[in-house]
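Please look over the model shown here, with attention to its cysteines, one of its helices and one of its pockets. The questions that follow take these topics in turn.

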Amino acid sequence: MVLDVAVVGSGFGGIGAAIRLRQVGVTDVELFERASNLGGTWRDNTYPGCRCDVSSNLYSFSFAPNPAWANSYSYQPDIWRYLHTVADRYDVRRLINFNHEVLDVSFDAGDGLWRLTTSQGQCAARCVILATGGLAEPRPPDIKGLSDFAGPVMHTARWDDAIDLRAKRVGVIGTGASAIQVVPQIAPSVDSLELFQRTPAWILPHFGHAVLERTQRLYAAAPPAQQLVRAWDYWRRELMVLGFVKDPRRMVKAEALAREHLERQVSDPVLRERLTPTYRLGCKRVLISNDFYPSLSRDNVRLVTGPIATVEPTGLRTADGELHELDVVIAATGFFVTDNPMATKVRGAFGEVLADALRGDLANYKGTAFPGFPNLFMLGGPNTALGHSSVIFMLESQLNYVSDAVKVALSSGSLVEPKAHLAAKWTSDVRARLPATVWGTGCASWYLNEHGVNTTLWPDFTFNFRRATRHFDPRDHLVVARPAPRTA
Ligand code: NAP
């Protein structure tokens with residue numbers, strides 16, 4: 001059996017792709033999902049307090065507004081429920097092959113088809129859309145011998161409710177977006193909490209609030225009202241590009257706000273000093289929270305800033321020689337992003353590996369397509385993530401281009417791939433803009449690949465990406481007939 005389109009993943013990207021393809025008349029679509037449920041990172045991140053730091057009205061599909069958001073910044077259960085509702089409303093669920101982990105995706109130049117090997121067998125497809133997401137593979141802490149620890153170790157993205165934290169001595173490693181959400185939630189019930197900080201984060205006040213019932217009723221009765229709020233939030237966030245991308249010195253104002261927030265919430269000057277970043281705000285992901293700093297002033301919470309040197313069965317020993325005795329270790333240490341293992345499993349026409357695009361060695365076109373990878377498209381590809389706004393906007397932009405390209409490929413029985421010189425130009429143009437951005441001001445972050453190159457974030461206004469991906473232009477691509485099917 002040969003599918004028209006195989007989609008890998010069933011998070012926002014995979015579900016959005018299935019819906020958009022059907023809207024343009026492509027119906028022979030199947031999704032391959034490694035888990036037994038849909039939802040991607042919003043299925044996997046179930047740690048207490050998990051919440052999106054982009055407002056609910058913007059962090060949703062433009063074609064599927066949700067008037068019933070309970071909070072202006074949604075918690076994980078509500079976002080996961082939203083994805084289920086959308087999948088059911090657009091009848092996507094029946095297209096998903098659950099428990100099918102994709103192990104290999106290789107182009108067969110003999111017949112111009114993609115061969116997918118999954119944990120359940122093999123299939124072939126004329127087109128492939130990778131929608132596996134950048135925040136899919138938890139990164140364990142880079143500490144040798146963590147398995148020597150006698151107690152349980154869990155990553156925030158693989159939260160295990162069976163591990164009872166009540167009255168336990170808990171160590172949390174990391175102070176990124178996940179850590180600052182989980183720490184205030186668990187601190188009141190644990191015996192003690194030691195928070196291992198390597199680099200302090202810039203934290204701004206959180207303006208999230210419960211959505212009033214009358215607002216929900218208004219959104220349901222008058223959808224343009226919700227669209228207006230969404231548009232306001234979109235444009236407000238676009239203004240941030242002026243600081244993030246155009247002139248990072250503008251971030252000084254936000255730094256002052258973050259410092260005030262810290263001063264208001266932490267009275268101990270020594271603790272404050274240890275929590276104050278020394279890099280430009282925005283260089284790492286900017287965090288928002290009202291309850292993280294106060295949780296650090298609890299009697300049972302301690303901030304540890306010495307680096308973790310060794311792991312022992314009873315705890316973590318820091319470089320100053322102190323053994324921090326613990327019952328449970330929680331790794332809030334993020335994800336494999338620029339080194340996402342999925343990209344190592346995808347091989348193009350000449351045997352190149354897609355991981356090279358994230359390493360920066362392979363050119364990409366509009367963060368979505370790659371020379372030598374005909375009829376293959378990547379959602380959330382190189383330099384399409386954001387530090388300031390909703391990644392759903394970027395996904396929908398990519399889907400304009402992808403759905404057009406797939407339609408052309410299928411209707412003409414052809415293989416399409418970007419022209420190499422245009423992909424090289426796109427990649428070098430994007431790269432050239434990066435050093436002047438806030439992400440190039442000198443800090444370590446998950447945006448940078450092993451060579452220190454930012455292959456993650458889009459360095460411009462998002463409406464410029466929307467414009468660039470509005471259509472598939474055949475003149476920018478090699479469009480060649482697919483080889484005749486092999487006969488036995
Ligand atoms: P992250 O931002 O990559 O943070 C990982 C943390 O672990 C960093 O503080 C890092 O320190 C620390 N770390 C790693 N190894 C360590 C070690 N050996 N010792 C001490 N600390 C160590 O990961 P994340 O918090 O899971 O967030 C990842 C991304 O997911 C976010 O930026 C965001 O895009 C998304 N996310 C969003 C939300 C939300 O919407 N609110 C919530 C969760 C996640 P260094 O800084 O020194 O490397």
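Q: How many disulfides does the count come to in this predicted model?
A: The model is predicted, and a pair of cysteine sulfur atoms is taken as a disulfide when the two lie within 2.5 Å. The sulfur atoms of Cys-283 and Cys-443 are 2.1 Å apart and form such a link. By this rule the count comes to 1 disulfide.

Q: Which parts of the chain does the link of Cys-283 and Cys-443 tie together, and how many residues apart in sequence are they?
A: Cys-283 is buried, as is Cys-443, and with -100° about the S-S bond their link is left-handed. Cys-283 belongs to the loop between α9 (269–274) and β11 (287–288), while Cys-443 belongs to the loop between α13 (420–433) and α14 (462–468), so the disulfide ties together parts whose separation in sequence is 160 residues.

Q: Why is there no bond between the sulfur of Cys-123 and the closest cysteine sulfur?
A: Cys-123 counts as buried because its relative accessibility is 12%, and Cys-127 counts as buried because its value is 0%. The closest cysteine sulfur to that of Cys-123 is in Cys-127, and the distance is too far for a bond, namely 13 Å.

Q: Which residues of α8 are exposed on the other side from its buried ones?
A: Helix α8 (residues 251–265) has 15 residues and reaches 21 Å from its first C-alpha to its last, close to the 21 Å expected. Its buried residues are Met-251, Ala-254, Glu-255, Ala-258, His-261 and Leu-262, and because they cover an arc of only 120° around the axis, they are on the same side of α8. An α-helix has 3.6 residues a turn, so residues three or four places apart point the same way. On the other side of α8, the exposed residues are Lys-253, Glu-263 and Arg-264.

Q: Which elements do the buried residues of α8 pack against?
A: The buried residues of α8 include Ala-258 and Leu-262. The elements against which the buried residues of α8 pack are β10 (203–204), α7 (241–246), α9 and α10 (292–296).

Q: Which element gives the largest share of the lining of the second largest pocket?
A: The second largest pocket has a volume of about 880 Å³, and it is lined by 28 residues, of which Leu-204, Arg-236, Met-240, Phe-244 and Ala-254 lie nearest its centre. The elements that give two or more residues to this lining are α6 (223–239), α7 and α8. The largest share, 6 residues, comes from α8.

Methods. Residues numbered from 1 in each chain as written. Predicted model: local features only at pLDDT ≥ 70, side-chain atom pairs only at ≥ 80, totals over all residues. Heavy atoms only, no water. Helix = DSSP H or I, 4+ residues; strand = E, 2+ residues; numbered from the N terminus. Buried < 20%, exposed > 50% of the residue type's maximum accessible area, 1.4 Å probe, protein only. Expected span 1.5 Å × (residues − 1). Arc of directions from axis to C-beta. Contact = heavy atoms within 4.5 Å. 1 Å grid on protein atoms, 1.4 Å probe; cavity = no way out; pocket = protein on both sides within 12 Å on 5 of 7 lines; lining within 4 Å. Points joined across faces, edges and corners; volume = space filled by probe spheres on them.
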